Amino acid sequence: MRLASRAGWEGHGYLKAFAGSNAIYRVWYIFGPMETPDAAADVEHFSFTDRGPWVVEPDKMSWRRGIDELRARTKAEGNKLARPPLAPPVLRLLRTGASLGAAIGGWQLFERRKGGSISRTGVSRRLRKSFESLGPTYIKLGQILSAGEGIFPEELVAEFRLCRDEVPAESFEDVRRVVEEDLGKPLGEVFAEFRTTPVAAASIAQVHVAKLVTGEEVVVKVQRPAIDAMVRLDLKAMSWISPKMIGRIPIAALANPPAIVELFADTIVEELDFRLEAQNMLDIAHVLAETGQRSMVCPRPHPELVTKRVLVMERLKGHKFDDVESIKAAGVDMKAVIRAGMVTTLEGSMLYGVFHGDLHAGNLLVDDDGRVALLDHGITGRLDEGRRLAFIRMLMGAVTNDIQAQLAAFRDLGALPMDTDLVALAKDLGVDQPVKDPTQMSAHELVEEIRDIVKKLVSYGARAPKELMLFVKNLLFLDGSIAMHAPDLDLISETFQVASYMATRHGERLAAEAGTDPQKEIDLDGFKASFGLESDVETLTYADLQERRKIIRQRLEANRKETRRSLFRRK
């Protein structure tokens, strides 16, 4: 298979990616007749359910006025909050230190000495409770940790998953006050029904099921009272202390603590204005329609009932994504669902520079027909034109196993300083050499290899840009979804199918924008080598991959135990 598209893209048109949210609606993709003759008019341009409670007409939505300017101001504010203040909020720092110190102290007294899974579970539970007591910024950090399947200990990942939708809810009195203040009317004048118990309660907001006085079933997202001031106080504390963490430990240095704070500031400040989230819903729904990915839909935001702290939207129903038994009983092809998730993330980022930035089980519903509802658009990856092109070069380099192209793209995305000697970096990292099979390495060799790579990346000033972090986080979720729903999925065949789809559908455009040869072949041997596999290996199921990861984890654990025994003998 070569990276070339069929002539004319099978009749599909070309849509240039626009930077502004308003401009994106001025040129429409041509799809032909809709599958459902009586579908709502807005389905022509947005991937919504066929018949919704209202019709979305962007130009008539009053809350969208000045939306691009609002996004620009919010981003500027996030950048400002990420800069270290002259003096930290002392009381907040003291409270944070006391809470985390108590969590670690309790673990050392009760669980640490028991070792193994009991120790890891104990410290994970105590840290999660500490994060929740400290508020939204720390809960958001917990949410990022919870997406780290395969990176962080499974006990930590499992515990921090509870930060997603099991955070203690606000009282209904507070919820009522926020809704009435923002909508400017008593609750009863807008809603015929409003369930007092939320269906989900997360760090920034909670969600209630309701019915409008006009009869439509909706869900209402309500921001937590006083969250705005608390987030800004936390960001001041974090931005003050983060530069002092650089170089303290290798992982923190690699992650670049100030960059992590910048990520927090950018995402959280944007999440604090639900008008931006409603616009994100429209943008993602439009991209899905443009690319023909109708197996995924977004809820319609209400034409009028959207404010800074209240978001009323269409209620979508389906099985929870992690309800494996119900989905299996419905006969849903989850391999197709996972493949669609991968393709939509790729198309959104590479073609339009916009993609859902927070895929996880709590944000997805699957109906009996296999259609997936994408919920919670508070975090959305957005690439400007320069970074979008760099993203294309990064992924095209991965498909064709072009190491130098990948490193150059990482640099252009902001992962490396612009003056980085890429040839020297490739040589130092050994990426120009055959990939070693980690399952054939001893525990000591594996640990030393990891430490060496981290140390070298730190020395080159590597960091993790926001969009790349969101993209990787989505891939980690899809990775975990395979384990949950399709452990027999052949990763080699699946990678080839996805790459072939992208090449056939978009290859000519992507190659032109990346400045690469459209006839360059997909390098499956390079993909296999990235897993330490020989080129003659024909299949690699997810179960096989998990077994390889298990071997690696066992060897890392053996190395840790041997290190502890050595320290004990020295004493």
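Let me begin with Ser239, which, once its neighbours within four places in sequence are left aside, is in contact with Leu81, Ala82, Arg83, Pro84, Pro85 and Val261, where contact means heavy atoms within 4.5 Å. Before going on, I should say that this is a predicted model, in which local features need pLDDT of at least 70 and side-chain atom pairs count only at pLDDT 80 or more, while totals for chains, interfaces and linings use all residues. Residues are numbered from 1 along each chain as its sequence is written, and side-chain values use heavy atoms, with hydrogens and water left out.

Ser239 sits in helix 8, residues 227–241, a helix being a DSSP run of H or I with at least four residues, a strand a run of E with at least two, both numbered from the N terminus. Ser239 has a relative accessible area of 1% and is therefore buried; buried means under 20%, exposed over 50%, and partly exposed in between, using a 1.4 Å probe and protein chains only. Val261 lies 22 residues from Ser239 along the chain, and their C-alpha atoms are separated by 6.1 Å.

Now to the whole chain, which has 21 helices and 12 strands. Of its 571 residues, 51% count as buried, and among contacts between residues at least 6 apart in sequence, 72% join residues at least 24 apart.

Which residues touch the most other members of the largest nonpolar core? In this core of 83 residues they are Phe191 and Val220, a nonpolar core being a set of buried Ala, Val, Leu, Ile, Met, Phe, Trp, Tyr and Cys residues joined through side-chain atoms within 4.5 Å. Helix 11 gives the largest share of this core, seven residues. Outside its neighbours within four places in sequence, Val220 has contacts that include Phe191, Phe194, Val310, Leu311 and Val312.

Helix 11, residues 274–290, also packs with helix 1, residues 67–82, at an angle of about 120°, their axes 10 Å apart; axes are lines fitted to C-alpha atoms, for helices over the stretch in contact, and angles run from 0 to 180 degrees between N-to-C directions. The two helices are therefore oblique to each other, because angles under 35 degrees count as roughly parallel, over 145 as roughly antiparallel, 65 to 115 as roughly perpendicular, and the rest as oblique. Helix 1 brings Ile67, Leu70, Arg71 and Thr74 to this contact, and helix 11 brings Arg275, Leu276, Gln279 and Asn280.
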